[in-house]
Amino acid sequence: MFLPDLDTDIKFMKGVGEKRAAALASELDVHTVGDLIRTYPFRYIDRSGFQNIGDLIPSDTSFIQLKATVIQTSLLSKSGGVVCEKDGSTPGPDSKTIAFNAARRLSCLVSDGTGTMELVFFRGIRYTWTQLEPGRTFIFFGKPNIFNGRMNMVHPEIDKADSALAGGVMTGVYPSTDKLKNSGITGKVMNTLMHTALDNCLDRMQETLPEYILKEKGLVGLRYAIRNIHFPSDQYALEKATYRLKFEELFLLQLSLLKQKFIKSRSSRGIVMPKVGAAFNKCYESLPYELTGAQKRVIKEIRADLVSGRQMNRLLQGDVGSGKTMVAVLASLIAIGNGFQACIMAPTEVLAQQHFANISKYLVPTGVKVALLTGSTRQKDRKEIHEGLEDGSIGIIVGTHALIEDTVKFRNLGLAVIDEQHRFGVDQRAKLWGKTNNGIPPHVLVMTATPIPRTLAMTLYGDLDVSVIDEMPPGRKPVVTMQITDSRRPALNRFMRDQIALGRQVFVVYPLIFESQELDYKNLEQGYENIVRDFPFPPYKVAIVHGQQTNDVKNFNMKAFAEGRADILVSTTVIEVGVDVPNATVMVIESAERFGLSQLHQLRGRVGRGQDKSYCILVHGDKMSKESRKRLELLCQTDNGFELAEEDMKMRGPGDLEGTQQSGLPINLSIASLAKDGRILQEAHDYAEAVLSRDEFLQGPENRLLVSALRNQKFQKIDYSKIS
Ligand code: ADP
Ligand code: MG
């Protein structure tokens, strides 16, 4: 007899065949029996009991299980006419004489003593007709619908009243698609296949975790876990099985990331910067404010990296306005103090200009020469800057992508600071590495205001160090956030006029420009026209900025607003990143329900930067989805970016997280969820560290299983160099 093995092609398994195998491969990435076994239910249905038809509530749409007896079975034609029927009162028609081809639908009336229900079948009519003999009792399982005011069930699963299912507690529900269903792989078939696979292969599955880990972490064995994840014997067994498999998945992920990090930190040499230097001290002493505790801590962390002899690869996260720029400046000055240069890259021209202006102020007492290089730097100045960088007379260069052009050469670049990392591609960052002439790569500090939830950062940047500024400079007033509907626009306009009369400025942000016809959202152009109508010149000056303008026009308008020459700036989300206009006190976000949570938070961070009380007004339509409503409510409730990021991830799922550029995570998790299993991830992380601290290279015999488990993990195939 043919016995399938874990590596056996799935098409050879009983009940599969070519067609179903193709569907399993394309829909679930299942190619072998082993792959099938590693496809887990995403939820479970309790089939331990039966519902009474008489107790069913029409609005309840969950699965039900009935034990009911067939009263009457009918075949109906396209027009609804009866082709033939049987109710047990007579012997019934001879099935050889029945015109099955004329039947479009089979209707079966069943009763469980508390009530009756109609069951409807469109497929497998001939077979079902013979099966549903009046007087016989079955277990029916499915989802009830309301049809013509009555409840029915379409294509319920049918089992014999004495089938093993009747005793089962929970049935797994597997991922499914139309293609799977059309090839005959229903939930029931999936369960049957899984039974066959486990019956043949479970005994041969090898434990993947060393004995000592199972003991130390109190985990159940692999076979127990696999059996119970598919066919839980009870709730407790299911929990044990789930925990074991999630822990294993996250533990191996952390182990592989940490191992790479260890290797990397041993192998990549970094410039040693032992001194703090006079420039740092002069700047520090003349700061107009005291650094926050978080800023000081982060600078210490950076200092430690710079003396370690290894290349720094640090991600600095801090909410908008938390003071990341100062950290970048001080880190750059350490590089200067050790005889190196530093560069600070910003994603947009406007931001680069702003950074340059701010940084220049801080640098006055130090005498360090700083220059600005962007796409619009004039040729003559550009040449001078190139020379200054090559001869080392320029200490700090601030700029945009222009900095990574081949013509830009440094005398000795020691530190690269990259602001708002998600706007820069990995390749672009890598180009900076080539800009040193001593062969040692510069230290890298990546700054982002998009708070990445801890769990995600741990996974994505497991091989990167993460610093967090989790404290705002003192005296920051929370931005008053409120949501209004369109109908309150006159009041909003009055409010904007009042603020402008006080000398303040207003941002108005729109989600889309020239959106599709069928979506009825106000677009930017229309919004701009309305504003110009409601705020005529004089006295009001309105500027507009959007992605379809040329850089010159964009910069011109942006500057007009930044320098206070315009009262209102109408724009798309181009202003999302970094722009600092302390005099702006109102952020109006149109069609706010169209934005993601993090994005709304980023936009809100554009106001509340000065001494004046600031406002964020979310304008939304009358109809909102539940999620949109929740997003706007959350935003009104908290101004903590990290809290919002966590919530965002829970609502959207991590693959979708804004600003991380990971459209689809580089990691394929089969059971754990980054959004929901943060606690297990933390445990797995700590434990992976402990295991590596005992056996750095996993060379001990007790860790042999881990080495092969790491080799077999799916996520190993992914190129992590794409991340850092
Ligand atoms: P972000 O983290 O968004 O880049 P910035 O570095 O632009 O924040 O800082 C926002 C504002 O806070 C700036 O005007 C800056 O001068 C000010 N600032 C930074 N650190 C402090 C501090 N420790 N105390 C008071 N104000 C600070
Ligand atoms: Mg900034």
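A polar contact is a pair of N or O atoms within 3.5 Å; within protein, one atom must be able to donate a hydrogen and the other to accept it, and residues adjacent in sequence count only if both atoms are side-chain atoms. The model is predicted: local features need pLDDT of at least 70, side-chain atom pairs count only at pLDDT 80 or more, and totals for chains, interfaces and linings use all residues. Residues are numbered from 1 along each chain as its sequence is written, and side-chain values use heavy atoms, without hydrogens and water.

**Exercise 1.** Determine which polar atoms of G321, S322 and T325 face oxygen atoms of ligand 1.

*Solution.* Begin with the backbone. A polar backbone atom of G321 is 2.6 Å from an oxygen of ligand 1, and a backbone N or O atom of S322 lies 3.4 Å from a ligand oxygen. Next, the side chain of T325 places an N or O atom 2.7 Å from an oxygen of ligand 1. The protein buries 80% of the 560 Å² that ligand 1 exposes when taken alone (Shrake-Rupley method, 1.4 Å probe).

**Exercise 2.** Compare the expected and actual spans of helix α11, and state how far α11 is covered.

*Solution.* Helices are DSSP runs of H or I with at least four residues, numbered from the N terminus. The expected span is 1.5 Å times one less than the number of residues. The 14 residues of α11 (324-337) should therefore span 20 Å, and the end C-alpha atoms are 20 Å apart, in agreement. Of these residues, 12 are buried (under 20% relative accessible area, 1.4 Å probe, protein chains only), including K324 and M326. After α11 comes G339, with a positive phi near 85°.

Key: Chains are lettered from A and ligands numbered from 1 in the order in which they are written. Helices (H or I, at least four residues) and strands (E, at least two) are DSSP runs, numbered from the N terminus. Buried means under 20% relative accessible area, exposed over 50%, partly exposed in between (1.4 Å probe, protein chains only).
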